[in-house]
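Trainee: Could we go through this one together, starting with single residues and then stepping back to the whole chain?
Mentor: Gladly; bring it up and ask as we go.

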Amino acid sequence: MKAIGTQTLITEDLILRRFELSDAPAMFSNWAGRPDNVTYLIWPAHADLDVTQTILERWVAAYQDGGTFIWAITLKSQPDQVIGDISALDYVPATNSMTIGYVLGRDYWGKGYMTQALIAVSRFLLQEADLNRLIATHDTANPGSGRVMQKAGFHFEGILRQAMHNNQGIVDSAHYSLLKSDLRSEERRVGK
């Protein structure tokens, strides 16, 4: 992995950028403080804005290491209003891999934004940060997340029974991956 850290990425509708401390109120109100938005996540809704501010302080400080990949998702039309986040965590040197996780404010679901974000981030991580493998998982009771992974080119690898604990308890986990070689195969298919 190249330690190039979180870089600004632009898609058709989005700007993916580093978080700023001033993003805390929007993060809290759009997703982090909403129990209905974190149903299938492994962390509970933030009890108050102080929790969100503390987390953002940690994330902003971590950007200095070059190995931190955490993006704020914003609309091009409102670049100062965060609507979600997407990150890559848990670097495994032996396989040159990381796990991608994401969350989008419920008010922005069903518009294709998360697919755009996942495509941009996964391509950046495999091509620019030189990772070999990306992993993404979701609770099987949340098939919408799996559709995002599929639309972004991830390959379904299987279901691990009762392998995840989230806000629903112990759940089955669907596993997907995307390899650097998958992108090369895709490029050959479309003639790039």
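Trainee: Is Asn96 buried or exposed?
Mentor: Asn96 counts as buried, because its relative accessibility is 15% and the cut-off for buried is under 20%. Keep in mind throughout that this is a predicted model.

Trainee: Where does Asn96 sit in the chain?
Mentor: Asn96 is placed in the loop between strand 4 and strand 5, the latter covering 97–104. Its backbone deserves a look as well, since phi of Asn96 is near 50°, which is a positive value in a residue other than glycine.

Trainee: Which other residue has a positive phi, near 60°?
Mentor: That is Asp90, again a residue other than glycine, and it belongs to strand 4, which spans residues 78–92. Asp90 counts as exposed, with a relative accessibility of 57%, whereas Asn96 counts as buried.

Trainee: Back to Asn96 for a second, which residue in the loop between helix 3 and strand 6 touches it?
Mentor: Asp130 does: it is found in the loop between helix 3 (113–128) and strand 6 (133–139), and, leaving out residues up to four places away in sequence, it touches Met1, Lys2, Asn96, Leu125 and Lys180. Asp130 itself is partly exposed, at a relative accessible area of 34%.

Trainee: How far is Asp130 from Lys180?
Mentor: Their C-alpha atoms are 8.2 Å apart in space, although the two residues are 50 residues apart in sequence.

Trainee: Switching to Met164, what is around it?
Mentor: Not counting neighbours within four places in sequence, Met164 is in contact with Thr137, His138, Asp139, Gly169, Ile170, Val171 and Ser173. Met164 lies in strand 7, residues 155–166, and counts as buried at 13% relative accessibility. From C-alpha to C-alpha, Met164 is 8.5 Å from Ile42, with their positions 122 residues apart in sequence.

Trainee: And Thr52, what does that one touch?
Mentor: Once residues up to four places away in sequence are set aside, Thr52 touches Ala24, Met27, Phe28, Ala32 and His46. Thr52 lies in helix 2, residues 49–62, and is buried, with a relative accessible area of 0%.

Trainee: Is Ala47 buried or exposed?
Mentor: Ala47 is exposed, with a relative accessible area of 70%, and it lies in the loop between helix 1 (24–32) and helix 2. The C-alpha atoms of Ala47 and Ala32 are separated by 9.0 Å, the two residues being 15 residues apart along the chain.

Trainee: What about Gly144, where is that?
Mentor: Gly144 is found in helix 4, which runs over residues 143–151, and it counts as partly exposed at 27% relative accessibility. Its C-alpha atom is separated from that of Trp59 by 27 Å, with their positions 85 residues apart along the chain.

Trainee: Now aromatics: how many ring pairs are there?
Mentor: The count comes to five aromatic pairs. One of them joins Phe69 and Trp71, whose ring centres are 6.1 Å apart and whose planes meet at 20°, so the pair is stacked; planes under 30 degrees apart count as stacked. Both Phe69 and Trp71 are buried, and ring pairs link Phe69, Trp71 and Phe124 into a cluster.

Trainee: Zooming out, how many helices and strands are there?
Mentor: The protein chain has five helices and eight strands, and along the sequence they follow the pattern β-β-α-α-β-β-β-α-β-α-β-β-α. The radius of gyration is 16 Å, close to the 16 Å that the globule rule gives for 192 residues, so the chain is as compact as a globular protein of that length.

Trainee: What share of the residues counts as buried?
Mentor: Of the 192 residues, 46% count as buried. Among the contacts with a separation of 6 or more, 66% are between residues 24 or more positions apart.

Trainee: Last topic, what does the surface look like, and what about the charges?
Mentor: The chain exposes about 9,700 Å², and carbon and sulfur atoms supply 51% of that area. As for charges, there are 18 positive and 21 negative ones, and their mean positions are 8 Å apart.

Technical notes: Residues numbered from 1 in each chain as written. Predicted model: local features only at pLDDT ≥ 70, side-chain atom pairs only at ≥ 80, totals over all residues. Heavy atoms only, no water. Helix = DSSP H or I, 4+ residues; strand = E, 2+ residues; numbered from the N terminus. Rg over C-alpha atoms; globule rule 2.2 N^0.38 Å. Buried < 20%, exposed > 50% of the residue type's maximum accessible area, 1.4 Å probe, protein only. Contact = heavy atoms within 4.5 Å. Areas by Shrake-Rupley, 256 points an atom, 1.4 Å probe, with all protein chains shown as cover. Lys, Arg positive; Asp, Glu negative; His and termini not counted. Charge placed at Lys NZ, Arg CZ, Asp CG, Glu CD. Phe/Tyr/Trp six-rings, centres within 6.5 Å; stacked < 30°, edge-to-face > 60°.
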